Amino acid sequence: MKEKYAYVNFLNSKYPYIYKCGIDLKVGNIVEAPTYNYAIKEDAVVVKVKNLAVKDLPIEKSKILTITKILPRKEYLLKHDNIFFMREYIKNKKTQKWKFDYESDWVKVWKSSYGGEISHEKDCVFTASLGDIMADDYFQEYTITSHKDFKVKLKYAKILLDELYYKKIDEKEFRKLFFRL
């Protein structure tokens with residue numbers, strides 16, 4: 001007799017793992033997959049669903065754990081997909097305080113009305129700074145990022161710097177969010 005099994009990929013795994021389907025799963029579902037004999041649960045994506053007989057299983061049937069929970073796709077994407085997270089984060093209208101300042105052969109610079117500055121260099125260095133460089137409370141952070149989805153990343157950085165200036169987030173939270181770029 002054949003039973004339904006799902007092959008899932010964890011976020012950092014190269015190879016799929018097999019699980020018994022405790023619920024009706026489809027390819028593309030985000031599931032909470034148990035590991036270490038149900039001690040830990042990790043997020044995974046279903047890549048294949050098959051009906052298999054006991055003789056066709058790649059490992060012993062007693063070692064196969066069961067998936068019992070499907071996670072909301074939005075929650076998973078907010079946690080793991082940086083561009084989706086940024087789009088959700090920038091729905092408010094705080095970017096009007098920013099204006100394009102100048103562009104040279106290797107850098108583009110935007111400035112805010114409250115002393116914030118964002119620059120993006122051709123070699124993908126993304127820099128955010130706040131305040132006067134000669135002051136004691138000057139703040140600057142940079143990260144290396146790709147050119148892909150640049151407009152979303154720029155809006156996201158503008159809003160993060162705005163929230164830091166208005167003390168809605170602290171420097172530690174800024175760094176945590178900024179390095180998602």
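Let me start with the hairpin made by strand 9 and strand 10, where three residues sit between the two strands. Cys 124 is in that turn, and its phi is positive, about 75°. Keep in mind that this is a predicted model. Strand 9 covers residues 116–121 and runs antiparallel to strand 10, with five bridges joining them. One position to look at is Ser 119, which stands opposite Thr 127 of strand 10.

Strand 10 itself is residues 125–130, and six of its six residues are buried. Val 125, Thr 127 and Ser 129 point one way, while Phe 126, Ala 128 and Leu 130 point the other way. On its other pairing, strand 10 meets strand 11, residues 139–144, in the antiparallel sense over six bridges. There Phe 126 has Thr 143 as its bridge partner.

Now the sheet as a whole. It is open, has five strands in the order 7-8-9-10-11, and the pairing is antiparallel. Strand 7 and strand 11 are the edge strands, each pairing on one side only. On average, neighbouring strands are turned by 15° against each other, direction ignored.

At the strand 7 end there is another hairpin, strand 7 with strand 8, again with three residues between them. Strand 7 is residues 98–103, strand 8 is residues 107–112, and five bridges pair them in the antiparallel sense. Phe 100 has its bridge partner in strand 8, namely Trp 110.

Next, what packs on this sheet? Helix 4 does, touching strand 10 and strand 11, and its direction makes about 20° with that of strand 11. Helix 3 lies across strand 7, strand 8, strand 9, strand 10 and strand 11, and runs at about 20° to strand 10.

That brings me to the largest nonpolar core, which has 26 residues. Ile 118, Phe 126, Tyr 156, Leu 161, Phe 174 and Phe 178 have the most contacts inside it. Helix 2 (82–89), strand 10, helix 3 (150–165) and helix 4 (171–178) each supply at least two residues of this core. Helix 3 gives the largest share, nine residues. Another core, of twelve residues, lies apart from it, and Phe 10, Tyr 19, Ala 33 and Leu 65 are among its members.

On to the other sheet. Six strands form it, in the order 5-2-1-4-3-6; it is open, with mixed pairing. Why do strand 5 and strand 6 each have one side without a neighbour in the sheet? Strand 5 (66–67) and strand 6 (70–71) stand at the edges, each with a single partner strand, so one side of each is left free of a neighbour there. Further in, strand 3, residues 30–35, is joined to strand 4, residues 40–52, by six bridges, and the two run antiparallel. Within that pair, Glu 32 has Asp 43 in strand 4 as its bridge partner. Helix 1, residues 73–80, packs on the sheet and touches strand 3, strand 4 and strand 6. The direction of helix 1 makes about 125° with that of strand 4.

Last, the largest pocket. It holds about 310 Å³ of space. Its lining has 15 residues, and Phe 10, Tyr 17, Tyr 19, Thr 35 and Tyr 36 are the closest to the centre. Strand 2 (17–21) and strand 4 are the elements that give two or more residues to the lining. Strand 2 gives the most, with three residues. Two of the names by the pocket centre, Phe 10 and Tyr 19, also belong to the core of twelve residues.

Conventions
Residues are numbered from 1 along each chain as its sequence is written. This is a predicted model: local features need pLDDT of at least 70, side-chain atom pairs count only at pLDDT 80 or more; totals for chains, interfaces and linings use all residues. Side-chain values use heavy atoms; hydrogens and water are left out. Buried means under 20% relative accessible area, exposed over 50%, partly exposed in between (1.4 Å probe, protein chains only). Helices (H or I, at least four residues) and strands (E, at least two) are DSSP runs, numbered from the N terminus. Two strands pair if DSSP finds at least two bridges between them. A nonpolar core is a set of buried Ala, Val, Leu, Ile, Met, Phe, Trp, Tyr and Cys residues joined through side-chain atoms within 4.5 Å. Contact means heavy atoms within 4.5 Å. Axes are lines fitted to C-alpha atoms, for helices over the stretch in contact, and angles run from 0 to 180 degrees between N-to-C directions. On a 1 Å grid over the protein atoms alone, a cavity is a set of points where a 1.4 Å probe fits but cannot get out, and a pocket is an open set with protein on both sides within 12 Å along at least five of seven lines; lining residues have an atom within 4 Å of a point. Grid points are joined across faces, edges and corners, and a volume is the space filled by probe spheres set on the points.
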